[in-house]
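Thank you for making time for this. I would like to walk through one model with you, going from the whole chain down to a few individual residues.

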Amino acid sequence: MDDQSPEDEQSPQDDRYRADPVLARLRELRDSIDNIDAALVHLLAERFKCTRQVGELKAAHRLAPADPAREAAQIERLQALAAQANLDPEFAKKFLRFIIEEVIRHHELVARP
């Protein structure tokens, strides 16, 4: 009986990746990207848990779902952080706007009677 699990089985592609240093490095980088993507999903889930609570609090106290002053300040702050991290500030702005739009949509849903 074979004690190998499916994860232990090697494909010809695995051998090729080990034999070619460029492909091996490419695989390492892609593995890192996959890990970062997973972390981003978990971070966004945590962020939305917090924003869901904000939406519920706003709805309970009849506050507006959107807060343009806070949103503008957050975008400015994130653009500055992006610049410091050598990330395109315009990309950071678009990314945060996308998230804010989704948060506001959730807040509006919570605020509906």
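If we take the contacts in the protein chain between residues at least 6 apart in sequence, 50% of them join residues at least 24 apart. Please keep in mind throughout that this is a predicted model. The protein chain has four helices and zero strands, and read along the sequence it follows the pattern α-α-α-α. Of the 113 residues in the protein chain, 16% are buried, while the accessible surface comes to about 9,200 Å², with 57% of that surface belonging to carbon and sulfur atoms.

Let me turn to one residue on the buried side of that division. Where does His-107 sit? His-107 is in helix H4, which covers residues 89-111. With a relative accessible area of 5%, His-107 counts as buried, because the cut-off for that class is under 20%. What does the side chain of His-107 reach? The partner is the backbone oxygen of Pro-65, at 3.2 Å. If we leave aside the neighbours within four places in sequence, His-107 is in contact with Thr-51, Val-54, Gly-55, Lys-58 and, once again, Pro-65.

Now to the loops, where two residues deserve a look for their backbone angles. Arg-62 is placed in the loop between helix H2, residues 21-60, and helix H3, residues 68-84, and its phi is near 55 degrees, which is a positive value in a residue other than glycine. Asn-86 is found in the loop between H3 and H4, and for Asn-86, too, phi is positive in a residue other than glycine, with a value near 60 degrees. Are these residues buried or exposed? Arg-62 counts as exposed, at 80% relative accessibility, and Asn-86 is exposed as well, with a relative accessible area of 75%.

The last topic is charge pairing. As a general point, side chains of opposite charge can pair when their charged atoms come close. How many salt bridges does a search of the whole structure find? The search finds three, and I will take them in sequence order.

In the pair formed by Glu-28 and Arg-25, the closest N and O atoms are 3.1 Å apart. Both residues, Glu-28 and Arg-25, lie in helix H2, three residues apart, which is about one turn of the helix. Glu-28 is partly exposed, with a relative accessible area of 44%, and Arg-25 also counts as partly exposed, at 46%.

Further along, the side chains of Glu-46 and Lys-49 meet in a salt bridge with an N to O distance of 3.0 Å. Glu-46 and Lys-49 again lie in helix H2, with a spacing of three residues, or about one turn of the helix. Here Glu-46 is partly exposed at 43% relative accessible area, and Lys-49 is partly exposed at 41%.

The remaining salt bridge takes us back to the helix that holds His-107, namely H4. There the side chains of Glu-102 and Arg-105 meet at 2.5 Å, N to O, and these two residues of helix H4 are likewise three residues apart, about one turn. Glu-102 counts as partly exposed at 25% relative accessibility, and Arg-105 counts as partly exposed at 41%.

I will stop there, and I am happy to go back to any of these residues on the screen.

Terms used:
Residues are numbered from 1 along each chain as its sequence is written. This is a predicted model: local features need pLDDT of at least 70, side-chain atom pairs count only at pLDDT 80 or more; totals for chains, interfaces and linings use all residues. Side-chain values use heavy atoms; hydrogens and water are left out. Buried means under 20% relative accessible area, exposed over 50%, partly exposed in between (1.4 Å probe, protein chains only). A polar contact is a pair of N or O atoms within 3.5 Å; within protein, one must be able to donate a hydrogen and the other to accept it, and residues adjacent in sequence count only if both atoms are side-chain atoms. Contact means heavy atoms within 4.5 Å. Accessible areas come from the Shrake-Rupley method with a 1.4 Å probe; for residues, only the protein chains shown count as cover. A salt bridge is a side-chain nitrogen of Lys or Arg within 4 Å of a carboxyl oxygen of Asp or Glu.
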